[in-house]
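Hello,

Here is the structure I promised to pass on to you. Have a look at it first, and then read on for what turned up.

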Amino acid sequence: MSRHEQRANGEPGVDEEFDRIQSRWRRRMLGHVAAVVGLLALVVATARWLGFDLAYLWAHRNNLRDVLLEEMLAPSELWPQLQGDASTLIPATLETLAIAGVGTALGLPLAFCLGILGASNVTPKLVNEPVRLLLGGVRAVPSMVYALLFVILAGIGPVAGALAIAMGTIGDLGRLFADEMEEIDSRPVEAVASSGAGLLATTSAARIPQVATAYVAWTLFYLELNARKSSVLGIVGAGGIGYPLIMAFNARNYTRVMAAIVAILVLVVGVEFVANRLRDLLDAERRTSH
């Protein structure tokens with residue numbers, strides 16, 4: 001059909017259609033550009049409100065460079081410091097690892113139970129919504145705040161740190177467990193339920209087997225995260241390597257600060273390595289079973 005015939009029939013021609021598409025594309029692009037510019041303006045305004053002053057930071061750049069190059073990263077300073085502080089850093093690192101492990105172990109059972117109760121395909125709305133609200137409230141409080149509260153209960157030391165890690169584990173893992181449970185295939189559950197099985201039997205026979213591997217993977221992932229969290233809880237008196245770290249900062253001994261950071265790096269990388277190997281073994285076992 002020619003353009004004249006299209007116009008005669010009242011249909012839009014190729015040129016009109018092309019112009020209409022171009023106009024729509026321009027409006028969309030202008031909208032995107034306006035959104036990006038608006039977002040950048042918001043970030044700049046927020047940064048200024050926070051007190052960011054690039055001129056001040058640039059003028060004092062030598063302070064950071066001197067600390068990094070002459071105290072923290074100088075091998076001639078760092079290695080003797082590591083050797084001298086080994087008797088303090090090694091026990092503190094092991095204590096941090098213990099806080100992460102015990103805290104995760106304490107929080108895991110409650111996270112498991114609340115995660116199941118918070119899944120909408122397991123419990124009625126009257127149960128799962130209050131449970132999810134509870135998990136959201138527990139997650140909203142940072143581990144450092146929990147540590148401060150548990151220092152009042154258990155005194156200064158690693159017990160407060162382990163309890164703080166347990167609370168964070170309950171909130172975060174509980175929410176992840178509930179979300180994971182809601183993604184399962186409903187057909188095995190319906191098959192078991194059709195045999196007359198109750199909620200507990202249906203959950204243990206048809207629901208939990210579907211999420212077991214994911215739950216273990218999430219738990220290992222959270223053990224890694226908890227090792228990182230535990231390394232700073234000592235700043236508020238909850239034990240671990242955070243205590244020698246904050247003491248070194250207070251004394252402005254930046255070589256000692258770097259020695260503590262090296263110990264934290266070794267701890268975190270070690271836990272991550274072990275967790276990754278366990279996940280690989282788990283995947284291999286799952287593939288073999290299938």
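Before the details, a word on helices: they are taken as DSSP runs of H or I with at least four residues, and they are numbered from the N terminus. Please also keep in mind that this is a predicted model.

Let me begin with the charged side chains. The structure holds 13 salt bridges. One of them sits within helix 12: Asp280 pairs with Arg277, and their closest N and O atoms are 2.8 Å apart. The two residues are three apart in helix 12, so about one helical turn separates them. Asp280 is partly exposed, with a relative accessible area of 40%, and Arg277 is partly exposed too, at 39%.

There is also a network to look at: Arg132, Arg175, Asp179 and Glu182 are joined into one by salt bridges that share partners.

Helix 12 has another salt bridge to show you. Asp85 forms a salt bridge with Arg256, with 2.9 Å between the closest N and O atoms. Asp85 lies in helix 5 (residues 75–117) and Arg256 in helix 12 (residues 254–289), so this pair ties together parts that are 171 residues apart in sequence. How accessible are the two partners, Asp85 and Arg256? Asp85 counts as buried, because its relative accessibility is 9% and the cut-off for buried is under 20%. Arg256, with a relative accessible area of 36%, is partly exposed.

A further salt bridge joins Asp66 and Arg65, where the closest N and O atoms are 3.6 Å apart. Asp66 counts as partly exposed at 30% relative accessibility, and Arg65 counts as partly exposed at 43%.

Still on charge, there is a patch of positive charge on the surface, where Arg24, Arg26, Arg27 and Arg28 gather. Arg24 is found in helix 2 (residues 14–50), and at 39% relative accessibility Arg24 counts as partly exposed.

Now to the aromatic rings. The count comes to six aromatic pairs. One of them is Trp218 with Phe221, an edge-to-face pair with 5.9 Å from centre to centre and 75° between the planes. Both residues are in helix 10 (residues 199–233), three residues apart, so they too are separated by about one helical turn. Trp218 is partly exposed, with a relative accessible area of 28%, and Phe221 counts as partly exposed at 33% relative accessibility.

Phe221 takes part in another pair as well: with Tyr222 it forms an edge-to-face arrangement, 6.0 Å centre to centre and 80° between the planes. Is Tyr222 buried or exposed? At 9% relative accessibility, Tyr222 counts as buried. Elsewhere, Phe112, Phe177 and Tyr215 form one aromatic cluster.

The surface also has a nonpolar patch that you may want to display. Trp49, Leu50, Phe52, Leu54, Tyr56 and Leu57 form this patch, and together they have about 810 Å² of accessible area. Two or more residues of the patch come from each of helix 2 and helix 3 (54–59). Which element gives the most to the nonpolar patch? Helix 3 does, with three residues. Phe52 lies in the loop between helix 2 and helix 3. With a relative accessible area of 54%, Phe52 is exposed, because the cut-off for exposed is over 50%.

Last, a point on the backbone. Most residues other than glycine have a negative phi. Arg252, however, has a positive phi, near 55°. Arg252 has its place in the loop between helix 11 (242–250) and helix 12, and Arg252 is exposed, with a relative accessible area of 59%.

If you open the model with one view in mind, you could start from helix 12, where Arg256 and the pair of Asp280 and Arg277 are found. From there, you could turn to the nonpolar patch around helix 2 and helix 3, and then to the rings of Trp218 and Phe221 in helix 10.

With best wishes, and happy viewing!

Note on methods:
Residues numbered from 1 in each chain as written. Predicted model: local features only at pLDDT ≥ 70, side-chain atom pairs only at ≥ 80, totals over all residues. Heavy atoms only, no water. Salt bridge = Lys/Arg side-chain N within 4 Å of Asp/Glu carboxyl O. Buried < 20%, exposed > 50% of the residue type's maximum accessible area, 1.4 Å probe, protein only. Patch = residues over 30% accessible without salt bridge, like charges linked within 9 Å, V, L, I, M, F, W, Y side chains within 5 Å. Areas by Shrake-Rupley, 256 points an atom, 1.4 Å probe, with all protein chains shown as cover. Lys, Arg positive; Asp, Glu negative; His and termini not counted. Charge placed at Lys NZ, Arg CZ, Asp CG, Glu CD. Phe/Tyr/Trp six-rings, centres within 6.5 Å; stacked < 30°, edge-to-face > 60°.
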